[in-house]
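I opened this notebook to keep track of what I looked up in one structure, entry by entry. Each entry begins with what I wanted to know and ends with what I found.

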Amino acid sequence: VYREGTDELVAKHEDIDDYYQTVGVYRPLIGTSLSDADDGDKEIVAGPTVTLVDTIAYKDLVPGREYTAVGTLMVAGDEPAPLMRPVTDASGAPVLGEDGQPLTEPVTAEVSFVPDAATGTVEVAFEFPGSAVEPGASLVAYEKLYRVGVEVAAHEDPDDPAQTVTVVAPEIGTMATDASDGDKEIEAAAGVTVVDTVAYENLVPGLEYALSLTVMRKTGEGTAEPLLGKDGAPVAATATFTPEASSGSVDVMV
């Protein structure tokens, strides 16, 4: 404190250890965990629409201030690239560019929130058509956190298993048996019923599927041809079902 209009020092307070005149500077930190919105695991099936949820854990934010989390889905690889989805109009039809090719855009999502405390979590949801991904691909969520338009934190690690999910393909395996007694031998009778139990994995719960069964007759080592009925047509059957879980089994009878 100086006397007004002079260089005369009146008083001073310069105590580096004074708690009351000290403030700390903290850099916000975030970490993320990406999962399938349907069942919370790290594997997804490319159904008509895929929804992923990225849970962002944050630290050292200012309570009561608004932040915006912006996420981008990336396809993992030697050089990660944004996952692209087709641009559609209000009717859902693809929007074409000047060259007649469908326009695409990165799969992004964002959410604004006001934290009640310096630490906590917030969720960002990504939604995109299953046609945008291929089985075997790994998807990684890149997240950035903004405050009044300024980036204050980011988490963009293509090797982080917590923010990675894998696209899996549906699989089936079957076991055919005699419908009358469940064994593997049938009589050459006038009427025979075979039941094929199809075990499936990686289906989309709630989505209708159709199974098509054709009875084959072995003709040699590693070869077969359709078994023909009295009408000369292949012996075949179909069955539709809607799985309640991604894995299970269903019977087809012929």
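**Entry 1: two backbone angles**

I began with N202, which is buried, with a relative accessible area of 14%. I place N202 in the loop between β14 (194–201) and β15, and its phi is near 65°, a positive value in a residue other than glycine. I then turned to V148, where phi is near 45°, again a positive value in a residue other than glycine. V148 sits in the loop between β10 and β11, and I noted it as exposed because its relative accessible area is 66%, over the 50% cut-off.

**Entry 2: confidence**

As this is a predicted model, I looked up the confidence before reading further. The chain has a mean pLDDT of 89, and 99% of its residues reach 70 or more. Where in the chain is confidence lowest, and where is it highest? I found the lowest in strand β16 (residues 216–220), with a mean of 86, and the highest in strand β8 (residues 108–113), at 96. I also kept in mind a general caution, that predicted coordinates should not be read in detail where pLDDT is low.

**Entry 3: salt bridges**

How many salt bridges does the structure hold? I count five, and I followed up three of them, bearing in mind that side chains of opposite charge can pair when their charged atoms come close.

In one of these, E105 and R85 meet through their side chains at 3.8 Å, N to O. This pair links distant parts of the chain, with E105 in strand β7 (residues 104–106) and R85 in strand β6 (residues 84–86), 20 residues apart. Are the two partners buried or exposed? I found E105 partly exposed, with a relative accessible area of 35%, whereas R85, at 17% relative accessibility, counts as buried, because that value is under the 20% cut-off.

The other two bridges that I followed involve K144. The side chains of E151 and K144 meet in a salt bridge at 3.7 Å, N to O, and those of E156 and K144 meet in another at 4.0 Å, N to O. The pair of E156 and K144 links distant parts of the chain, since E156 is in the loop between β11 (150–155) and β12 (164–168) while K144 is in strand β10 (residues 138–147), twelve residues apart. Salt bridges that share partners thus join K144, E151 and E156 into one network. I looked up the accessibility of each member: K144 is partly exposed at 27%, E156 is partly exposed at 38%, and E151 is partly exposed with a relative accessible area of 40%.

**Entry 4: aromatic rings**

My search of the whole structure returned five aromatic pairs. One of these is formed by Y209 and F241, whose rings are stacked, with 6.0 Å centre to centre and 25° between the planes; I note that planes under 30 degrees apart count as stacked. The pair links distant parts of the chain, with Y209 in strand β15 (residues 209–214) and F241 in strand β18 (residues 236–241), 32 residues apart. F241 is buried, with a relative accessible area of 12%.

I also found that ring pairs link Y58, Y67 and F113 into a cluster. Which residue lies over the face of Y67? It is R147, at 6.0 Å from the ring centre.

**Entry 5: the surroundings of H155**

I located H155 in strand β11, where, at 17% relative accessibility, H155 counts as buried. Its side chain is joined to that of D160 by a polar contact of 2.9 Å. Leaving aside neighbours within four places in sequence, I listed the contacts of H155 as I30, G31, T32, A141, Y142, E143, D160 and Q163.

**Entry 6: M175**

My last look-up was M175, found in strand β13 (residues 171–178). Which residues does M175 contact, leaving aside its neighbours within four places in sequence? I recorded K184, V195, D196 and T197. I also looked up the separation between M175 and E151, which are 24 residues apart along the chain, and found 57 Å between their C-alpha atoms.

How values were computed. Residues numbered from 1 in each chain as written. Predicted model: local features only at pLDDT ≥ 70, side-chain atom pairs only at ≥ 80, totals over all residues. Heavy atoms only, no water. Helix = DSSP H or I, 4+ residues; strand = E, 2+ residues; numbered from the N terminus. Buried < 20%, exposed > 50% of the residue type's maximum accessible area, 1.4 Å probe, protein only. Phe/Tyr/Trp six-rings, centres within 6.5 Å; stacked < 30°, edge-to-face > 60°. Lys NZ or Arg CZ within 6 Å of the ring centre and 35° of its normal. pLDDT = per-residue confidence, 0-100. Contact = heavy atoms within 4.5 Å. Polar contact = N/O pair within 3.5 Å; in protein donor to acceptor, adjacent residues only side chain to side chain.
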